Amino acid sequence: MTMHIPSSWSAIPLQPLRGTRILSLALNLPGPAALLRCAAMGAQCTKLEPLAPQGHASADPMHSYCPPAYEQLHAGMRCLQADLKSADGQEQLHAELAQTQVLLTSFRPGALRKLGLDWETLQERYPQLSMVRIFGATGASADTPGHDLTYQAEAGLLPTGQMPSSLLADMTGALLASEAVLQTQMHRLRCGAGALLDVGLFEAAQWLAQPLHWGMSAPQGVVGGAHAGYRTYPCRDGMVAVAALETHFAGRLCAAAGLPAVGDVATMQQAATHEAISSFLLARSMAELQEIAVQQDIPLHVIPAAAH
């Protein structure tokens, strides 16, 4: 299993979080993914997990349901274990908090209060500490249980009830959480005090669903299949994803398919245009289409049979 880390952040030269100490209590995917991004930005990251059950290395559920993901997300991380309901665990927690700039959590509000980690208590004891709380949803729904699948469904991202191809709410929530960490540190530099920010996974899914709700990616939308230059098509030995949306790209695609090199939106939504482009692509192999795309500067990506 290989984790694909975008080059745009795998070696960030600015290191904006260098010198920032982050303590994470967040389990499952969003918290560790956010912590990984913060570490890539130079932060000193520690994760404090519950005590592992006997015979297990970690109490994080992800360690059980996807060990390779857990290992890659935590590689190089400082990981500790403690029972936060015990006196010893609380002592260990507060020893860490005393030298921490940002606390990252994924507990629901009720659990945070029971552990003495409500914002008011923390502010009184550590006025310069910032806190980023990852919830299923913010506001009144923060105590409602859920997971990525339910958040995507509620946001309208599963219109046919199909299982999603990725954990979009979790991963977007991780992005928002790492952004929130940066925001708190900018606030601390400007005001000299800690800040509280909440990240909702449902709100993350809602953000991703905006193009759908605008009608852009709905089936009748321009980027939902109505535009002949922005679709997936079968070809002779697989599938291709074509993204010739702009007029100049769409015109080149039309010309390659033997049509007039006209790429306006109205032309690209005509049934005849769809049929001609579909026939052109179906008659050619992935290799041929890749070569045409390079030669004609057309945005196209082949999808081998094993990938669909």
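Visitor: Which residue follows helix 8?

Guide: This is a predicted model, in which local features need pLDDT of at least 70, side-chain atom pairs count only at pLDDT 80 or more, and totals for chains, interfaces and linings use all residues. Residues are numbered from 1 along each chain as its sequence is written, and side-chain values use heavy atoms, without hydrogens and water. Helices are DSSP runs of H or I with at least four residues, and strands are runs of E with at least two, both numbered from the N terminus. With a positive phi, near 90°, the residue that follows helix 8 is G156.

Visitor: What arc do the buried residues of helix 8 cover around the axis?

Guide: In helix 8 (residues 148-155), the buried residues (under 20% relative accessible area, 1.4 Å probe, protein chains only) are D148, Y151, Q152 and A155. They lie on the same side of helix 8 because the arc, taken from the directions from the helix axis to the C-beta atoms, is only 100°.

Visitor: Why can residues three or four places apart point the same way?

Guide: The explanation lies in helix geometry. Residues so spaced point the same way because an α-helix has, per turn, 3.6 residues.

Visitor: Against which helices do the buried residues of helix 8 pack?

Guide: Contact here means heavy atoms within 4.5 Å. The partners of these buried residues are helix 9 (168-191) and helix 10 (201-213).

Visitor: What share of the residues of the chain count as buried?

Guide: The secondary structure of the chain comprises 15 helices and 9 strands. Of its 308 residues, the share that counts as buried is 43%.

How values were computed: Buried < 20%, exposed > 50% of the residue type's maximum accessible area, 1.4 Å probe, protein only.
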